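Got the viewer open? Let's take a walk through this structure, one selection at a time.

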Amino acid sequence: MDSPVSLADAVKGATAVLADAGVPSPAVDAQLLAAHLLGVGRGELAAMLFGSAAAPAGYDALVARRAAREPLQHITGVAYFRHLELSVGKGVFVPRPETESVVQLALDVLTRMSQEREGGLSAVDLGTGSGAIAASLATEAAGVRVHAVELSDDAFPWAQRNLAGTGATLVHGDMRDALHELDGTVDVVVSNPPYIPADAIPRDLEVRLHDPHMALYGGGADGMEMPTAAAATAARLLRPGGYFVMEHAEVQAAQMAALLEGSGAWENVRSHVDLTGRDRATSGWRR
Ligand SMILES: C[S@@+](CC[C@H](N)C(=O)[O-])C[C@H]1O[C@@H](n2cnc3c(N)ncnc32)[C@H](O)[C@@H]1O
């Protein structure tokens with residue numbers, strides 16, 4: 001009888017398979033898939049790789065899925081975002097690290113507002129997807145009433161799942177026409193809308209094949225239709241002195257600033273860099 005393949009050999013082999021398939025971080029992904037199957041963290045897995053553990057059953061099948069460029073998060077079912085473990089899978093946009101910085105901008109403003117004002121604050125997340133932004137605001141900004149809007153039938157159940165128990169209110173609808181009952185009253189609006197231009201097909205197969213089109217393409221040749229709609233809804237929802245921050249592609253920074261400055265609804269329009277120094281968000285204060 002053949003002796004079982006050792007965990008260390010299996011992870012080494014998987015790293016080579018994933019590297020051949022063009023996966024950007026083959027060693028890390030090979031380890032995370034093994035850790036997922038074994039139900040351990042990466043630190044514990046590192047210790048196990050020095051021991052005599054056998055490869056877990058089903059490992060090759062998960063490695064094959066990743067080699068076919070299915071996102072790691074779809075295979076493990078988990079995306080890490082700030083302090084949250086979000087459930088993700090088919091039909092929902094996998095939240096990205098740059099969005100964590102956008103959330104921080106909103107949280108900083110909410111903190112300042114809560115120091116300056118008596119009474120509860122409110123925040124809205126337009127195009128919530130997995131619920132990443134809304135769940136962060138609801139769990140990190142104490143006492144803030146959070147509302148989230150999502151149009152996609154496929155993404156909505158993921159938002160429902162991730163926002164359950166956070167206190168956030170989730171609306172299944174179009175950000176262009178949602179939450180009229182809050183018009184002129186909201187303190188902070190955050191959005192990571194679809195913004196990719198029609199012909200800027202993403203290079204990464206994980207994005208191109210697995211992120212929903214409704215989450216990626218902003219509409220129109222320059223991808224600006226949904227960002228423009230998000231800004232218009234933010235202007236409608238916010239009270240005077242309210243804050244809006246929106247994520248976008250680096251190349252769209254000047255366009256986003258011009259969009260907000262040109263509408264007459266905003267003052268103190270600013271660009272914000274992500275952790276790699278790229279202009280990835282624009283904010284403004286409602287006049
Ligand atoms: C780039 S994803 C961002 C998801 C999530 N906020 C995040 O940052 O990970 C954009 C989201 O907006 C949703 N969306 C697109 N058009 C919409 C619309 N008209 N109204 C509401 N949501 C919309 C998409 O389905 C998708 O979930």
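A quick word before we start clicking: two residues are in contact here if their C-beta atoms, placed from the backbone, lie within 7 Å. Keep in mind, too, that this is a predicted model.

**Stop 1: the annotated site.** Select Asn192, Pro193, Pro194 and Tyr195; an unreviewed UniProt entry lists these under "binding site". We'll visit two of them.

Start with Asn192. You'll find Asn192 in the loop that links β6 (186-191) to α9 (205-210). Is Asn192 buried or exposed? Asn192 has 28 C-beta neighbours inside 10 Å, so Asn192 counts as buried; the cut-off for that label is 20 or more. Now show what Asn192 touches: setting aside residues up to four places away in sequence, pick out Thr99, Val102, Gly127, Ile133 and Glu247.

Hop over to Tyr195, which also sits in the loop between β6 and α9. Tyr195 counts as buried because 25 C-beta neighbours lie inside 10 Å. Which residues is Tyr195 in contact with, leaving aside neighbours within four places in sequence? Light up Gly218, Gly223, Met226, Pro227, His248, Ala249 and Gln252.

**Stop 2: a pair of helices.** Pro227 is a handy stepping stone, as this contact of Tyr195 is also one of the α11 residues that meet α12. Select residues 225-237 for helix α11 and 253-263 for helix α12. The two pack at an angle of about 40°, and their axes are 11 Å apart. The crossing of α11 past α12 is right-handed. To see where they meet, show Pro227, Thr228, Ala231 and Ala235 on the α11 side, then Met256, Leu259, Leu260 and Ser263 on the α12 side. Sorted by class, that contact has 6 nonpolar residues, 2 polar ones and no charged ones.

**Stop 3: a strand with two partners.** Next, select residues 238-247, which is strand β7. How many of the 10 residues of β7 are buried? The count is 7, so β7 is largely enclosed by the rest of the structure.

Turn to β6, from which our loop set off. β6 and β7 run parallel, joined by 5 bridges. For an example, click Val188 and look across to Tyr243 in β7, which stands opposite.

Last, add residues 279-286, strand β9. β7 and β9 run antiparallel, with 5 bridges between them. Click Met246 and its bridge partner in β9, Thr282, and that's the tour done.

Methods: Residues numbered from 1 in each chain as written. Predicted model: local features only at pLDDT ≥ 70, side-chain atom pairs only at ≥ 80, totals over all residues. UniProt positions renumbered as here; feature names shortened; annotations may be inferred. Helix = DSSP H or I, 4+ residues; strand = E, 2+ residues; numbered from the N terminus. Buried ≥ 20, exposed ≤ 12 C-beta atoms within 10 Å, placed from the backbone. Axes fitted to C-alpha atoms, helices over the stretch in contact; angles between N-to-C directions. Left-handed = near helix turned anticlockwise from the far one by under 90°. Nonpolar A, V, L, I, M, F, W, Y, C, P; charged D, E, K, R; others polar. Pairing = 2+ DSSP bridges.
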